[in-house]
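Please walk through this fold step by step. Begin with how far the model can be trusted, then turn to the sheet and the helices.

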Amino acid sequence: MKKCKCSECRCFGLIRTRTWRIWRTSRPIRSGSYVNSGESTTHGIIDICIYLEYISRLFIMQSQSLNWGIAAAGRITQDFVTALGTIPNSRHAVLAVADVEGSRAQEFAQRNQIPRHYDGFEALSLDKEVDVVYVGTLNPFHYAVVRLMLIRGKHVLCETPLCLGLEQAQELYKLAEQRGVFLMEGMWSRCFPSYERLRELLLGDAIGEVKLVKLQHGFRLANVERLASRALGGSITLDIGIYALQLGQFVFGSAPVKIIPSGTQLNAERVDVQTEFILDYGDNRRLIALITGLENLENDAIIVGTKGEIKLSNYWCPTQLTLANHAPESWPLPRAKFDFHYTNSCGLRYEAEEVRRCIEKRLLESPKYTHADSLEVIAIADQIRSQIGVNYDNVLGRDA
């Protein structure tokens, strides 16, 4: 059966070449939208056999494992694969890994018992058995690799930050929607059970009206090349500061009306290694953050309301939440085959499960972190970088 070649097509190649009638509910949908009226489309003719094949493919997707490809053989991708290993194999399978250095991909595949490894990302994008690609390359290469996978019809989960600038991110989300494939920036915080519990507490008025979010987030990272080098898209704001930005968005439900950075330290390459900022949300509501790569901090967030407060331990990946005058609530992570490189990285399993859930429901975005949410946070990060004098001219758009 010939596949549709229309660049706008969302039929996943199951449609031929004349007019046919199909319920819109069979097509990929954005989160929160579900249309029950039928419509005519000119993608092609479809007889009952092809339509049944189309429907059966949906049931197959729900009964079989989600097949992952891994773009880059590094620490974060190793943690992701290790986290996947804590989920039953019937739900997720890693079929292939690719890296710009073929030997690294081969070693990664051997260590993790992955069937296929590729020298470069082109071959991964052409692997017909891969459903979704997890992109964990260095920051400047996210755009090119994600774009390649989207063009080839792959669903994509990309590590934060999705891109080094707002325009690139807007382009990728538009492309994903045109191709009818799922794309999510990996804001894994939103997928933790603790964040769902936080939402319940806030909606239930457990602490009254929130007036203040205060946090400190710091590790000794100033000498880590990928964070200190401008050519590699280094920035403490983009690496860990975006978690503070997304928490403000999650709690207050809007973008700040004013951004006030202070206490910024730039290294010799004019990359931010420390910054402080206040996000003013109006009506005397603020987020105050210290983000640093110069020292280790407690890394907790305190959410202060008119009737109490909530503490998130390791706020960007919290396994514990404490409502004032109550016992802590905990969500322990399971043991894994390998040790992890980063704090609570086993929690990447929650993100993977969210991706599977969305793809099964044929969503183009996750309701936990929508395209609009992502673009809003990227825009705030852009404003902060602009104010503190950090730019990525001649770095944007690097080919992988």
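What follows covers confidence, the sheet, and then two helix pairs.

This is a predicted model. The mean pLDDT of the chain is 87. Of its residues, 83% reach 70 or more. Two stretches call for caution. Over residues 1–29, pLDDT stays under 50. The model has 96 contacts beyond four places in sequence for residues 1–29. Residues 32–47 also stay under 50. For residues 32–47, the model has 44 contacts beyond four places in sequence.

Now the sheet. Six strands build an open sheet, and their pairing is parallel. The order reads β5-β4-β3-β6-β7-β8. At the edges sit β5 (116–119) and β8 (183–185), each of which pairs on one side only. On average, neighbouring strands of this sheet are turned by 20° against each other, direction ignored.

Look at one edge in detail. Strand β4 (residues 92–99) pairs with β5 in the parallel sense, over four bridges. Val97 has His117 in β5 as its bridge partner.

A helix lies across this sheet. Helix α10 (residues 348–360) lies across β3 (66–71), β4, β6 (132–135), β7 (155–158) and β8. Helix α10 runs at about 125° to β3.

Next, the helix pairs. Two packed helices are described by the angle between their axes and the distance between the axes.

Take α5 (residues 142–151) and α6 (residues 166–179). Their axes come within 10 Å and cross at roughly 10°. Angles under 35 degrees count as roughly parallel, so α5 and α6 are roughly parallel to each other. From α5, the contact uses Tyr143, Val146, Arg147, Leu150 and Ile151. These meet Gln168, Glu171, Leu172, Leu175, Ala176 and Arg179 in α6. The residues of this contact divide into seven nonpolar, one polar and three charged.

The other pair is α9 (residues 236–252) and α11 (residues 371–388). Their axes also come within 10 Å, but they cross at roughly 125°. Helices α9 and α11 are therefore oblique to each other. The crossing of α9 past α11 is right-handed. On the α9 side, the contact is made by Thr237, Leu238, Ile242, Leu245, Gln246 and Gln249. On the α11 side, it is made by Asp373, Glu376, Val377, Ile380, Ala381, Ile384 and Arg385. The residues of the contact of α9 with α11 comprise seven nonpolar, three polar and three charged.

Key. Residues numbered from 1 in each chain as written. Predicted model: local features only at pLDDT ≥ 70, side-chain atom pairs only at ≥ 80, totals over all residues. Heavy atoms only, no water. pLDDT = per-residue confidence, 0-100. Contact = heavy atoms within 4.5 Å. Axes fitted to C-alpha atoms, helices over the stretch in contact; angles between N-to-C directions. Helix = DSSP H or I, 4+ residues; strand = E, 2+ residues; numbered from the N terminus. Parallel < 35°, antiparallel > 145°, perpendicular 65-115°, else oblique. Left-handed = near helix turned anticlockwise from the far one by under 90°. Nonpolar A, V, L, I, M, F, W, Y, C, P; charged D, E, K, R; others polar. Pairing = 2+ DSSP bridges.
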